Structure formats: C-alpha cells, structure tokens
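Subject: Structure handover

Hi there,

Here is the structure I promised to pass on to you. Have a look at it first, and then read on for what turned up.

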Amino acid sequence: GPGSNKVEDENVSLPEQVPLPETEGLWYMSQSKKHLYLLKHPVIATYLWMKWKKIQFAYTRNLIFYFAFVAFITSYIFVLYSGRKIRSDSIIEESCSSPSMVGGDVTFLWIASSIGLVGLILREVMQFGIAPKRYVFTLENWLEVALIAMTSVLLFQGGYACHLTTKRHLASFIIVLAWSEMI
C-alpha cells in the first residue's frame, strides 16, 4: 500500500544471517590483561549491567538447582558410605547378587540425586550444543563430565554394597568435585 516501505516480492531471497554471540568481544577483552581496564568504561559497564538483569533469573535458578544437587548427593554419601560400615539400621548384603534393604531416607536421597544428575546432564548437553569448541577446551567442563561419570557409577553400578571400596573412593572424589564447582 501507499507509504509502505516493505518489499513484498516473495521471490527475493535475503541472505540468511547467523546470529553472533553478543558478549564474545567482552569475553576476549576480559581474557586480555592489556584490555581489562576497558570493562570499567561506563558504556561497557552499563551494557554488562543490562545483560545481568536479563539473565539474573536463569543464573539464580541454575545456582539453586546445583546447590540442591550437591546437598542431595553429599547427604546420600554421608548417610550411606561414611563410617566403618554402611548403615547400622539397614540390612546390607555384602554380595552384589542379593539386594540390600535400606531406609526410606536413603531411597529418597538416591531418587533426588538421580533427578539432579539428569538435570546436570541436560545442562551440560545444552552447554555443549551452544558452543562445542569452547566447551571442549574448558577445564571446568571436563571436571563436570568427570563428576557426572563418577556420580553415575556411584548411583547406578550395582547395589549399595557392591564394589564398596571403589564406591567409597568415588564418593570422596564426588564430594570434592561437587563442592569445588559449587564454590
């Protein structure tokens, strides 16, 4: 119509624009000691503040989720694998062939830890999908993958008393990695 600036020819193909990361330049700036002072410039500081306001909810939700996972897996480990024997109030069979009977609290902590583990796996898959190259070359991500692998073995490899010595060793590594990541 009159006054319209839109091109209405459907046969005209515009080049597909690939969205670029908005903060990649800032990331490189933060990695360079020579340019680090530029992050304090009022324009960049305002831009970072606006970005923070935009992602604050997602960040807080992720932090609460990870803290819950760490709390559940730590509780599971302390309740089940601390001390000289597994649980004095549980019937634990030392063989892997017969199932062990444990209290409802252990079952709840196992379920909560398993749900947290699934959430952690989904989070890592999403991070890998967004930036695979950066994901692979970041040490923190390798530590999270190691945490996922060790937690999977602890939760899903046989019964509670199966491979007890190995599970206790894994449990100590899991606590150190999980709390290091949390901090």
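Before the pocket, a word on classes: Ala, Val, Leu, Ile, Met, Phe, Trp, Tyr, Cys and Pro count as nonpolar, Asp, Glu, Lys and Arg count as charged, and the others, Gly among them, count as polar. Sorted in that way, the lining of the largest pocket holds 18 nonpolar, seven polar and nine charged residues. Please keep in mind throughout that this is a predicted model.

**The fold**

The chain has six helices and zero strands, and along the sequence its pattern reads α-α-α-α-α-α. Of the 183 residues in the chain, 28% are buried.

**The largest pocket**

The largest pocket encloses about 1600 Å³ of space. It is lined by 34 residues, and those closest to its centre are Ile-55, Tyr-59, Asn-62, Gln-127 and Ile-130. Which helices supply at least two residues each to this lining? They are H1 (24–31), H2 (42–81), H3 (104–130), H4 (132–136), H5 (139–156) and H6 (164–182). The most comes from H2, which gives 11 residues to the lining.

**The salt bridges**

The count of salt bridges comes to two, and Arg-123 takes part in a network of them with Glu-124 and Glu-144. In one, the side chains of Arg-123 and Glu-124 meet at 3.5 Å, N to O. In the other, the side chain of Arg-123 meets that of Glu-144 at 3.4 Å, N to O. Because Glu-144 lies in helix H5 and Arg-123 in helix H3, this pair ties together parts that are 21 residues apart in sequence.

Are these residues buried or exposed? Arg-123 and Glu-124 are both buried. With the cut-off for buried set at under 20% relative accessible area, Arg-123 qualifies because its value is 12%. Glu-144 also counts as buried, because its relative accessibility is 3%.

**Contacts across the sequence**

Two C-alpha distances may help you find your way around helix H3. Arg-123, which lies in H3, is 61 residues from Asn-62 in sequence, yet their C-alpha atoms are 9.1 Å apart in space. Asn-62 is the residue listed above among those closest to the centre of the largest pocket.

Ala-112 lies in helix H3 too. Its C-alpha atom is separated by 8.1 Å from that of Ile-73, a residue 39 positions away along the chain. Ala-112 counts as buried because its relative accessibility is 12%.

**The nonpolar patch**

On the surface, Phe-128, Val-136, Phe-137, Leu-139, Trp-142, Leu-143 and Val-145 make a nonpolar patch of about 730 Å². Helix H5 gives the most to this patch, with four residues.

Leu-143, one of the patch residues, is placed in H5. Why can Leu-143 be called partly exposed? Partly exposed covers the range between the buried cut-off of under 20% and the exposed cut-off of over 50%, and Leu-143 falls there because its relative accessible area is 39%. Helix H5 therefore holds the partly exposed Leu-143 as well as Glu-144, which counts as buried at 3% relative accessibility.

If you open the model, the network of Arg-123, Glu-124 and Glu-144 could be a good place to begin, followed by the pocket lining, to which H2 gives the most.

Best wishes

Key. Residues numbered from 1 in each chain as written. Predicted model: local features only at pLDDT ≥ 70, side-chain atom pairs only at ≥ 80, totals over all residues. Heavy atoms only, no water. 1 Å grid on protein atoms, 1.4 Å probe; cavity = no way out; pocket = protein on both sides within 12 Å on 5 of 7 lines; lining within 4 Å. Points joined across faces, edges and corners; volume = space filled by probe spheres on them. Patch = residues over 30% accessible without salt bridge, like charges linked within 9 Å, V, L, I, M, F, W, Y side chains within 5 Å. Areas by Shrake-Rupley, 256 points an atom, 1.4 Å probe, with all protein chains shown as cover. Salt bridge = Lys/Arg side-chain N within 4 Å of Asp/Glu carboxyl O. Buried < 20%, exposed > 50% of the residue type's maximum accessible area, 1.4 Å probe, protein only.
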